Amino acid sequence: MSTLQEAPPEAPRRLSLPVATLIGLLALAAALGVGHFVAGFVGYTASPFIAVANYVIDHSPTGIVKWAERTLGTWDKPVLKIGLGVVLVLLAVLAGQLSRRTPRAGQVLVFLLGAAGVAAVYARSDLGQVSLLAPVAALGAGLVVFTSLHRVALPADVVRDRGFDRRKFLRAGIGVAAGSGIAAVVGQVAGTSKNAEDSRAAVGPLVPARTAPSLPADADFAKLGSPPFITPNGDFYRIDTALVVPQVRTEDWSLKIHGMVDREVTFSYADIRNRPLVERRVTLTCVSNEVGGPLISNATWLGVDLVDLLDEAGVRAGAEQMYATSVDGWTCGTPANVALDPQRGAMLAIGMNGEPLPIEHGFPARIVIPGLYGYVSATKWVESLEFAKWDDRQAYWLSRGWAEQAPIKTESRIDTPSGFAGVTAGKVRLAGTAWAQHTGIAKVEVRLDQGPWQPATLSAEVSKDTWRMWWIELDVPKGTHQASVRATDQDGYTQTENRADPVPDGATGWHSVTLDAH
């Protein structure tokens, strides 16, 4: 008796690894391209990629932020973008690999990534509700492309031994890639077309009514190895949280002073530009500056006395902080008594080193308050000053464990020679910088190894709010030696040898270099 032999069951259909991977990557490209396109019209920083990167910056632990600043310097933001891009690519690949038989798992992952973009935009205080259109559009595009390409590559009625239509899939893939690229470019052009550079150029010459005194010839020892007294704008240190530099035109800018005041007042750029302008030289220092670090620069600032603007608002007794907000949502808390002190010289600056503020340094206007670390005194792209109690508002860095009061500490640095330097035994010249803003430097001393401290020659004092240069010649015998520097300020305080981390209120310690004399 013959028996019917059943055919073996058909093997489950599934995508190849390369095809599954390509689907995930094309869905990512579509999401980012569409999101960037829509963001170009509703707010450039609403692009999901930028919003998520900003969220990472805003919510990274202090330790990671410090490591990035110390290790990467000004490369921290490009590295963040590259790192985020790598993570997104890996997740897109994972979405494709999870969906070789059915798109369900990949769709869930694509949805979660899109939702993260929506949440990142929603969390930004500087973006309105209309900005949510960008991440929502990105989420939709990612899901549609992922699902559609999966159906093309693995249609429900495919005959197993014939495979899928490679030409159809290839055409769809090329279309998605080309469309995503075009959308991203259009969004980039639209989003950056609102460039503030032409507005800055239209400001014209800024002429002070009160000029700073002329610089003495010996304001620096640049020929001997110290930095120049005035830092060129292009070399001025820049530390901020702005992943994309805000582009603010003068006609769109205003400054509101409110909170614990008698009268809420708002100033336009023209209001500030047409006032008598004052010129001051002020050295700014970042609280993140390590001992011997480069995060300090000096400029000639031009603007108006901040206290005059605050007097028009009538700050009420009991106000403890001036809570400043930048156009990108960054916040800064300044002790109110310092901002209101007419002897402090706090400024709303609109000029820097003889020209309107560079865009990356705060154009159209920024705060400059001598004697305090930048995170409590130097808000760029400022648009709001609210007077409040400390408990009412918590500024960006205060919420991350940094101090409320942040006077700049007396410090000094050896600029030449630097690091581990090979020198010729005998007379060796050292030069550097010392600072104690709003107090002033009285003397600088240098020693070799554990020898006696020797006084260095100081440059002329230009202002108690600026750094001061020094130089000295030491007798250095053959061998390896360590040269150290310390400064004493005009209150009689000599900087401590004890090393302290910048957190929470600035680094301390003597700066040293190694001299290898031959």
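**Warm-up: the second largest pocket**

By class, how many nonpolar, polar and charged residues does the lining of the second largest pocket have? Work through the pocket step by step.

*Solution.* Start with the ground rules. This is a predicted model in which local features need pLDDT of at least 70 and side-chain atom pairs count only at pLDDT 80 or more, while totals for chains, interfaces and linings use all residues. Residues are numbered from 1 along each chain as its sequence is written, and side-chain values use heavy atoms, with hydrogens and water left out.

Step 1: pin down the word "pocket". On a 1 Å grid over the protein atoms alone, a pocket is an open set of points with protein on both sides within 12 Å along at least five of seven lines, a cavity is a set where a 1.4 Å probe fits but cannot get out, and lining residues have an atom within 4 Å of a point. Points are joined across faces, edges and corners, and a volume is the space filled by probe spheres set on them.

Step 2: find the place. The second largest pocket has a volume of about 900 Å³. Its lining has 41 residues, and Asp 76, Lys 77, Ile 239, Asp 240 and Thr 241 lie nearest its centre.

Step 3: sort the lining. Ala, Val, Leu, Ile, Met, Phe, Trp, Tyr, Cys and Pro count as nonpolar, Asp, Glu, Lys and Arg as charged, and the others, Gly among them, as polar. That lining has 24 nonpolar, nine polar and eight charged residues.

Step 4: see which helices take part. Helices (H or I, at least four residues) and strands (E, at least two) are DSSP runs, numbered from the N terminus. Here α2, α3 (62-72) and α4 (76-97) each give at least two residues to the lining, and α3 supplies the largest share, six residues.

**Exercise 2: the largest pocket and the largest cavity**

Describe the largest pocket, then do the same for the largest cavity.

*Solution.* Step 1: the largest pocket holds about 1,100 Å³ of space. Among the 46 residues that line it, Thr 45, Arg 124, Asp 126, Val 327 and Asp 328 lie nearest its centre.

Step 2: α1 (17-42), α2 (48-59) and α7 (166-192) each bring at least two residues to this lining. Sorted by class, the lining of the largest pocket has 21 nonpolar, 17 polar and eight charged residues.

Step 3: now the cavity. The count comes to one cavity of 30 Å³ or more, and the largest cavity has a volume of about 70 Å³. Its lining includes Thr 285, Cys 286, Tyr 373, Glu 411 and Trp 435. By class, this lining has five nonpolar, three polar and two charged residues.

**Exercise 3: three helix pairs**

Work out how α2 meets α4 and α5, and how α1 meets α4.

*Solution.* Two packed helices are described by the angle between their axes and the distance between the axes. Axes are lines fitted to C-alpha atoms, for helices over the stretch in contact, and angles run from 0 to 180 degrees between N-to-C directions.

Step 1: α1 and α4 pack at about 130°, with axes 7 Å apart. That makes α1 oblique to α4, since angles under 35 degrees count as roughly parallel, over 145 as roughly antiparallel, 65 to 115 as roughly perpendicular and the rest as oblique.

Step 2: α1 crosses α4 in a right-handed way; right-handed is when the near helix is turned clockwise from the far one by less than a right angle, and left-handed is when it is turned anticlockwise. The contact (heavy atoms within 4.5 Å) includes Leu 17, Gly 24 and Leu 28 from α1 and Leu 88, Val 93 and Gln 97 from α4. It has nine nonpolar, four polar and no charged residues.

Step 3: the axes of α2 and α4 come within 10 Å and cross at roughly 115°. This crossing is right-handed, and residues that meet include Phe 49 and Val 56 in α2 and Lys 81 and Leu 84 in α4.

Step 4: α2 and α5 (104-122) pack at about 65°, with axes 8 Å apart, and they are therefore roughly perpendicular. Their crossing is left-handed. Pro 48, Ala 51, Val 52 and Tyr 55 in α2 meet Ala 116, Gly 117, Ala 120 and Val 121 in α5.

**Exercise 4: backbone oddities**

Where is the cis peptide bond with omega near -10°?

*Solution.* Look from Thr 416 to Pro 417. Pro 417 sits in the loop between β11 (411-416) and β12 (420-423).
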